[in-house]
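Me: Here is a protein I want to go through piece by piece. Please show it to me first.

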Amino acid sequence: MTTTQAAEPRAGALLRRWRQRRRLSQLDLSIAADVSTRHLSFLETGRAAPSRDMVLHLADHLEVPLRERNALLLAAGYAPVYHESGLDGPGMSATLAALRGVLAGHEPNPAILVDRQWNLVDANTAATVLMEGVAPELLEPPVNVLRASLHPDGMASRIVNLREWRAHVLHRLRREADLLGSDDLDALYEELAAYPYDDGGAGDAPAGPVPEVAVTLRLRHPRGELTFLSLVSTFGTPVDVTMDELVLETFLPADDATIRFLADLAG
């Protein structure tokens, strides 16, 4: 029995799991990928062995992350095709230098760079305004920014609209855990969802008379309430696992008072 034949059932099970995670029927995927439903069924049950190109073809239509595409290839008996560069490796030095330039370019607005588990990779100087008052143990590397955000000893005590922001963060995390099939993100979600919280009786309505167009982060500060909009950016065409998992989050001022505060802080 060849290695590929022995791995067929596992590869098929993984393909089926990703299809179901994307809430696609076999017919949906067969039409989108231009593969017969019969052949797709054979692949999922292990009655047929997928070629390397077929694994990549189906993974592309299923929007499988690069790390999990490598896992699919290994399960089917093929070598991984996507390289994973260490953050401290020579292959990432130029990229990280460019990203630090992007972070600096977002000044005076806070901006952070995180990995797929929401662990902090880097941040600009303005991001310190977000972490004021966070317990030192939550800032020990690796710093998980979602934990630091919702932990009772983290930013939570300063978030005016904690109920609203907490629901937003947990919804985003639950969606990412489902899309990525990540046990680590599942565990993080369970941890964060279990945190006790008290919004201090503060309502979730916006402070100003103009309706909000998105969920904002409203922070208490000695100089007054600060209001931010979160903008999340990813790389559009990564071919490296590490690059595929990096996320840039920028906190844009959502009112004039916050704009003035950030400008004064930078000045």
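Me: What is the volume of the largest pocket?

Reply: The model is predicted: local features need pLDDT of at least 70, side-chain atom pairs count only at pLDDT 80 or more, and totals for chains, interfaces and linings use all residues. Residues are numbered from 1 along each chain as its sequence is written, and side-chain values use heavy atoms, leaving out hydrogens and water. A pocket is an open set of 1 Å grid points with protein on both sides within 12 Å along at least five of seven lines. Probe spheres set on the points of the largest pocket fill a volume of about 740 Å³.

Me: Which element gives the largest share of the lining of the largest pocket?

Reply: Lining residues have an atom within 4 Å of a point, and 26 of them line this pocket. Nearest its centre lie Glu-176, Leu-179, Leu-180, Thr-234 and Asp-244. Helix H5 (66–75), H8 and E4 each supply at least two lining residues (DSSP runs: helices of at least four residues, strands of at least two). The largest share, 7 residues, comes from H8.

Me: Which helix gives the most to the largest nonpolar core?

Reply: This core has 37 residues; such a core joins buried (under 20% relative accessible area, 1.4 Å probe) nonpolar residues through side-chain atoms within 4.5 Å. Leu-130, Leu-146, Leu-150, Leu-192, Leu-217, Leu-219 and Phe-228 touch the most other members. Among the elements that give two or more residues are strand E3 (216–219), strand E4 (226–234) and helix H9 (183–193). The most, 7 residues, come from H8.

Me: Which residue in the turn of the hairpin of E3 and E4 has a positive phi?

Reply: E3 and E4 run antiparallel and are joined by 4 bridges, with Arg-218 opposite Thr-227 in E4. Both faces of E3 are covered: Thr-216 and Arg-218 on one side, Leu-217 and Leu-219 on the other, are all buried. In the hairpin, 6 residues lie between the two strands. The positive phi, about 120°, belongs to Gly-224.

Me: How much space lies in the largest cavity?

Reply: A search of the whole structure finds 1 cavity of 30 Å³ or more, a cavity being a set of points where a 1.4 Å probe fits but cannot get out. Of its 13 lining residues, Val-145, Ser-149, Met-155, Glu-249 and Phe-251 are the closest to its centre. H7, H8 and E5 each supply at least two residues of the lining. The space in this cavity is about 130 Å³.

Methods
Buried means under 20% relative accessible area, exposed over 50%, partly exposed in between (1.4 Å probe, protein chains only). Two strands pair if DSSP finds at least two bridges between them.
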